Amino acid sequence: MERALMCPQCNAPLAPSRFARSVVCSYCGATVQLDASSISAETFHKAFRAWNSPQSYSFPSWLSIGDSHWAVDEMLGKGDVSDVYSGKRARWPTELVLIKVLRDLRDLPQLDNEWEAVKNLQASNAPGADTFTTLIPEPIIHGTITAGAFEGRRANIFRWTAGFHHTFEAVQRAYPQGIPPRASIWVWRRILEVLAFIHNSGMVHGAVLPPHLLVQENEHGVRLVGYGRAGYAGRDLTSITPGYEAFHPKSNRARPTLTTQLDLIMSARCVVALLGGNPADASLPGDVPVALARLIQRVALSNPADSTDNAWALREELGGIANNVFGAPQFIPIVMPS
């Protein structure tokens, strides 16, 4: 007579191979040892609760969303509607996360919109999805905080990628006269690459701004975050981020609309700001080569209702300018003061 085996954690049926000593549950991922003797499921659950409990690890600050628990570390900054913290899963083995805690319940639609937008992008089948989904926030959990710090508030938790610590605003403070023009080439190309993926997925970011762009220290990487205003192309942009009107074209402010050209305009204006120029009128310092300045200004001052530019085509055009002006590529990281 055969025995029916069930996972002691989730009660799913187990189908071990013949003579196997253990089996991994295909539903919850628990590794179950197969033994001729039996063990109480409650003993297993008790051990699991102790392993999963934040109190077992003596974290000074933690929060829970349902049955998941998270240690809260340092505050990284204040977003449009959320306070942003670094953190980790409150157990061992752990994983690093980014915790965004909503400040005001009236802004809940923006927090929820970010979650849905990132989920949709992670499910995209656009070309390059395997690569580019690793370059946008990876959602883990969201919902109401049920215990610990910030109880009762709403939060989004994303997987943290090491190395991306500095926003474009921090780079501007470190380089008040502007970054080297040659470094702006790889910076803008990285932004255009991820925008190409977002646009090929039918979506628009809607807030390509200095606080939403992170530079990888001592490398050539850029991350685009802050998807609270993202949505499908052609839909209304819910709002313009206060204090960043200079990065948003005037012609799109009366009734802002999510267009791919809008993302490209804002990306160009972010590069203008990094170079020490004025994003409102795209004026640039004199040390920026003419060919590079013309391309940046052409995009920065274009009409957001146009669809003449394509993110990937711009990336290639920028590469051609770099070869003509600067020659063979060189490794020019943005070095931040310690």
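This report describes a small sheet, the nonpolar cores and some backbone features of one predicted model.

Because the model is predicted, local features need pLDDT of at least 70 and side-chain atom pairs count only at pLDDT 80 or more, while totals for chains, interfaces and linings use all residues. Residues are numbered from 1 along each chain as its sequence is written, and side-chain values use heavy atoms, with hydrogens and water left out.

**The sheet and its helix**

An open sheet of three strands runs in the order β10-β12-β13 with antiparallel pairing, where strands (E, at least two residues) and helices (H or I, at least four) are DSSP runs numbered from the N terminus, and two strands pair if DSSP finds at least two bridges between them. Its edge strands, each pairing on one side only, are β10 (164-167) and β13 (222-224). From one strand to the next the twist averages 40°, with axes being lines fitted to C-alpha atoms, for helices over the stretch in contact, and angles running from 0 to 180 degrees between N-to-C directions. Helix α5 (residues 181-200) packs on this sheet and touches β12 and β13, its direction making about 40° with that of β13; contact here means heavy atoms within 4.5 Å. Between β10 and β12 (residues 213-216) there are three bridges in the antiparallel sense, and F164 stands opposite Q216 in β12.

**The nonpolar cores**

A nonpolar core is a set of buried Ala, Val, Leu, Ile, Met, Phe, Trp, Tyr and Cys residues joined through side-chain atoms within 4.5 Å; buried means under 20% relative accessible area, exposed over 50% and partly exposed in between, with a 1.4 Å probe and protein chains only. The largest core has 67 residues, of which F168, V187, W188, I191, Y227 and I296 touch the most other members. Helix α5 gives the largest share of this core, 12 residues. Leaving aside neighbours within four places in sequence, F168 is in contact with residues including V187, I191, L213, V215 and V222. A second, separate core of 11 residues includes W70, V97, I99 and I157.

**Backbone features in loops**

Two residues other than glycine have a positive phi, as the table sets out.

| Residue | Phi | Loop | Relative accessibility |
|---|---|---|---|
| S58 | near 60° | between α1 (41-52) and β3 (62-65) | 65%, exposed |
| A282 | about 65° | between α6 (260-274) and α7 (290-300) | 0%, buried |

A further loop, between β5 (82-89) and β6 (96-102), holds P93, and the peptide bond from W92 to P93 is cis, with omega near 0°.
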